[in-house]
Amino acid sequence: MLKVSGVHTYYGAIEALKGVDVDINEGEIVTLIGANGAGKSTLLMTICGTPQARQGRITFEGEEITKLPTYEIVRRGIAQSPEGRRIFPRMSVLENLQMGSITAQPGSFERELERVFHLFPRLKERMHQRAGTMSGGEQQMLAIGRALMSQPRLLLLDEPSLGLAPLVVKQIFQVIKEINREQKMTVFMVEQNAFHALKLAHRGYVMVTGRITMSGTGAQLLADPEVRAAYLEGGH
Ligand code: ATP
């Protein structure tokens, strides 16, 4: 479904991605783990076209998207829930969801809204609340809900569990599983919480300073001594 081949991305003179290859198959949950600053967020952002890859190629459903503007990439069926949530704090929950549906097919709004409210009943209860006054977990739900409103076929999630209490983390991962199973949504997720994320994922990748160093099924990576030592020991 998504093919990232030999992608290099720069911030000025800094090379953040140094030739990255990643494949995502339709229907999968794929997790990308790696230390702070490895380039994980940069990869998700490069897939969305901001910043653009300076070298390499990204194809989505067989068509090249490497040099397309972000709005066009979203229109083709990729949506991102960015790190730090980035909801619109002064807008209501409902208005945030409306913003997410801008690129969706006309007439789909009510149906998608019902779906999002079904996944996150809390958002329905708080529909008219200013988004910036919601709790961290609620804002994360809103960020994911807003991404879903554009009716993506590929959902990119940047650290959905960041800063959330264990019980809320569990709920968020449960919903990701549900979206994948029931809506057949393909998910590519960046996570610091390697244990939970790899348990949930069909496959995973490990990134170290701008390069993919390892890949395998979630179970293989969880069992790998190097992965355990670098990303799992201590926490679990
Ligand atoms: P984290 O887990 O801490 O979010 P990450 O793996 O997502 O890290 P990135 O945010 O992609 O890593 O950063 C990769 C590298 O690119 C880092 O060295 C970072 O300092 C640099 N970088 C990221 N954004 C910018 C920017 N806007 N300008 C300059 N350098 C940047």
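The sheet, the aromatic rings and the ligand surroundings are described in turn. The structure is a predicted model, in which local features need pLDDT of at least 70 and side-chain atom pairs count only at pLDDT 80 or more, while totals for chains, interfaces and linings use all residues. Residues are numbered from 1 along each chain as its sequence is written, and side-chain values use heavy atoms, with hydrogens and water left out.

Six strands (DSSP runs of E, at least two residues, numbered from the N terminus) form an open sheet of mixed pairing, in the order β6-β7-β8-β3-β9-β10; two strands pair if DSSP finds at least two bridges between them. The edge strands, each pairing on one side only, are β6 (78–81) and β10 (211–217). Neighbouring strands are turned by 15° against each other on average, direction ignored, with axes fitted as lines to C-alpha atoms, for helices over the stretch in contact, and angles running from 0 to 180 degrees between N-to-C directions. Strands β6 and β7 (residues 154–158) run parallel and are joined by four bridges. Within β7, Leu-155 is the bridge partner of Ala-79.

Helix α10 (residues 225–232) packs on the sheet and touches β3 (29–34), β9 (203–208) and β10; helices are DSSP runs of H or I with at least four residues, and contact means heavy atoms within 4.5 Å. The direction of α10 makes about 65° with that of β9.

Arg-54 lies over the face of Tyr-10, at 4.0 Å from the ring centre (criterion: NZ of Lys or CZ of Arg within 6 Å of the ring centre and within 35 degrees of the ring normal).

The ligand is surrounded by 13 residues, the closest being Asn-36, Gly-37, Lys-40, Ser-41 and Thr-42 (a heavy atom within 4 Å). An N or O atom in the side chain of Lys-40 is 2.8 Å from a ligand oxygen atom.

Note on methods: Polar contact = N/O pair within 3.5 Å; in protein donor to acceptor, adjacent residues only side chain to side chain.
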